[in-house]
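Reader: I'd like a close look at one part of this model before I set anything up with it. Could you pick out the loop that carries the annotated binding site, and then show me how the rest of the chain is laid out around that?

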Amino acid sequence: MKLLAVASEIHPLLKTGGLADVVGALPLALARLGIETQTLIPGYPAVMAAIGKGVKRHRYASLFGETATVIGATVAGLNLLVLDCPAFFIRAGGPYDDPAGNGWADNWRRFAALSQVGADIAAGSLKGWRPDVVHAHDWQGAMTLAYMRFGPAHAVGKVMTIHNLAFQGRFDAGIFPFLGLPAEAWGMDGVEYYGGTGFLKAGIVSADAITTVSPTYAREICTPEDGMGLDGLLVGRGDRLHGILNGIDIESWNPSSDPLIARPFGRRTLSGRKASRRIIEQRFGLEQDESPLFIVISRLTWQKGMDMLAASLDQLVQQGARLAVLGSGDHALEGAFLAGAEKHRGRVAVHIGYDEPLSHVMQAGGNAILIPSRFEPCGLTQLYGLRYGCVPVVARVGGLADTVIDANVAALGAGVATGIQFHPPAIAPLQAAIARAVQLHADRPAWTGMQRAGMVADFSWQRSAALYAALYASLVP
Ligand SMILES: Nc1ncnc2c1ncn2[C@@H]1O[C@H](COP(=O)(O)OP(=O)(O)O[C@H]2O[C@H](CO)[C@@H](O)[C@H](O)[C@H]2O)[C@@H](O)[C@H]1O
């Protein structure tokens, strides 16, 4: 089977979050099941630098008014179709935001263009290769399915994956005439969304199957509390909505062979974690002792519950614990953590920024990873934590609920507990969970048991990839 994935990020070429991890890892797991994936991505500067010359597969004299080329290349085992369109994608700044942090004013045009190219490929624009199924990721890829539905690519299956319903790609109604869609595409059953244009919404109504990244999140987004305005639509399409848990790349996240950590370790050599803990203490300027070291690796945002954690620093320090935070995001939250680090020098420390190698060291050396998300479609850092013996302390929402087994008395007794859950996502339950973690950390056998149970849990892509493969197969006549 041939699959075209359309996404705006792919690890290891370009990553701002978990989307890139999934888009980069799933094709490798699908390949083992006989599915050939080509992934269409924008030609951002980092992507163009990574692919070298590549092979020109298709040329556009005018794609939304700009010249563009589709370039084929293989990087890190991934088959890429790169949309080289300098006017849209070669810019100083981020993939979605200008250097000042505001969304690019022409984001609708940039990702409509990417999606139009995806639909053209589905309709046969590339010589010698045409997909059986198209898999669009998030709002940036979503319009591919609308262009397919209202264009010539009819016999090709359409899958829409929602990685985070908070990002919907909503624009003015005024852009509709410039999208190149027929008039019938405007309306409740098309791209119209609360009087504006909704890219993710258009993908959802156009898809043959909709997936999101955990079973619990699939249920949550069908409720008014978590549906972010799309719950009615999702309930209506409920028979086509599936929750498929993300996996992780167990090769690059393998504590027994990870070149980025201070010393490799396994279930029976957990003492090897200490070398990485010493590195964290040095890099963050934390006091060196045996007290529990909590870590955070996250976007610093409201979704991730980081305001609740920032309000809990005094309590965490009073418990005798330490905290190392790696992340960036809302300036107010960054400031709150920096102020907390100033106040609790040696006990709380923050590194504002994005640092993948450091994130590996933190998972390898931290005692527990804090994830107090208000909502979490799947979450990947708890899975990395489980694999690295860094016990997850999580809000019981979305994929966090599906992947961490709470250390209640029964689970501890049975030796199956892998972490600590709390609910609801609020300050008092979070602080109670931190206190529970500190207590449990002092109980060596219980803590080690949790680490080991987490380390044997299987979150490789194989199982999830098989579910995607079955879904694709169900869409092909
Ligand atoms: N400062 C930093 N330095 C280094 N690495 C950092 C970092 N901040 C974050 N990361 C890394 O970025 C990724 C974040 O992935 P998550 O799944 O936790 O969240 P995200 O909200 O981005 O993804 C969305 O999509 C994914 C994929 O489907 C869902 O799991 C998730 O719930 C949903 O919100 C992880 O690989 C993490 O290690």
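Author: Here is the loop, followed by the rest of the chain.

Keep in mind that this is a predicted model. The loop you're asking about runs between strand 1 (2-6) and helix 1 (18-31), and Pro12 lies in it. Lys15 is found in that loop too, and the UniProt record, an unreviewed entry, puts a "binding site" feature at Lys15. How covered is Lys15? Its relative accessible area is 22%, so Lys15 is partly exposed, given that buried means under 20%.

Now for the company Lys15 keeps. Leaving out residues up to four places away in sequence, Lys15 touches Glu9, Ala20, Asp21, Tyr354 and Glu356. Of these partners, Glu356 belongs to helix 13, which covers residues 356-365.

The backbone of this loop has something for you as well. His11 and Pro12 are joined by a cis peptide bond, with omega at about 10°. As a rule, most peptide bonds are trans, and most residues other than glycine have a negative phi. A second cis bond goes from His423 to Pro424, where omega is near -5°. Pro424 sits in the loop between strand 18 (420-422) and helix 17 (427-442).

While we're on backbone oddities, there are positive phi values to look at. Tyr194 isn't a glycine, yet its phi is near 45°. You'll find Tyr194 in the loop between strand 9 (192-193) and strand 10 (196-198). With 60% relative accessibility, Tyr194 counts as exposed. Met228 also has a positive phi without being a glycine, at about 50°. That residue lies in the loop between helix 7 (215-220) and helix 8 (231-236). Met228 comes out as partly exposed, at 32% relative accessibility.

Back to helix 13, since Lys15 touches Glu356. This helix is mostly covered, with 8 of its 10 residues buried. The buried ones are Leu358, Ser359, His360, Val361, Met362, Gln363, Ala364 and Gly365. What do the buried residues of helix 13 pack against? On the helix side, the partners are helix 9 (273-284) and helix 14 (381-387). On the strand side, they are strand 13 (293-300), strand 14 (322-329), strand 15 (348-352) and strand 16 (368-371).

Next, how the record divides the chain. In UniProt, an unreviewed entry assigns residues 2-234 to "domain: Starch synthase catalytic". That span is 30% helix and 26% strand, and its end C-alpha atoms lie 28 Å apart. For residues 285-439, the unreviewed entry lists "domain: Glycosyl transferase family". Here the make-up is 43% helix and 21% strand, with the end C-alpha atoms 25 Å apart.

A couple of residues from later helices give you some long distances. Thr448 is in helix 18 (residues 444-456), and at 17% relative accessibility it counts as buried. From Thr448 to His242 is 206 residues in sequence and 35 Å in space, C-alpha to C-alpha. Leu467 has its place in helix 19 (residues 461-475), where it counts as partly exposed at 47% relative accessibility. Leu467 and Glu281 are 186 residues apart in sequence, and their C-alpha atoms are 41 Å apart.

Finally, the whole chain. Its secondary structure comes to 19 helices and 18 strands. The radius of gyration is 23 Å, close to the 23 Å the globule rule gives for 477 residues, so the chain is as compact as a globular protein of that length. Along its principal axes, the C-alpha trace spans about 65 × 45 × 45 Å. Of the 477 residues, 60% count as buried. Among contacts with a separation of 6 or more, 71% come from residues 24 or more positions apart.

For surface and charge, the chain exposes about 18000 Å², and carbon and sulfur atoms supply 55% of that. There are 40 positive and 40 negative side chains, with the centres of the two sets 6 Å apart.

So much for the wider picture; if you go back to the loop, the items to look at are the cis bond joining His11 and Pro12, and Lys15 with its contacts to residues including Tyr354 and Glu356.

Conventions
Residues numbered from 1 in each chain as written. Predicted model: local features only at pLDDT ≥ 70, side-chain atom pairs only at ≥ 80, totals over all residues. Heavy atoms only, no water. Helix = DSSP H or I, 4+ residues; strand = E, 2+ residues; numbered from the N terminus. Rg over C-alpha atoms; globule rule 2.2 N^0.38 Å. Buried < 20%, exposed > 50% of the residue type's maximum accessible area, 1.4 Å probe, protein only. Contact = heavy atoms within 4.5 Å. Areas by Shrake-Rupley, 256 points an atom, 1.4 Å probe, with all protein chains shown as cover. Lys, Arg positive; Asp, Glu negative; His and termini not counted. Charge placed at Lys NZ, Arg CZ, Asp CG, Glu CD. UniProt positions renumbered as here; feature names shortened; annotations may be inferred.
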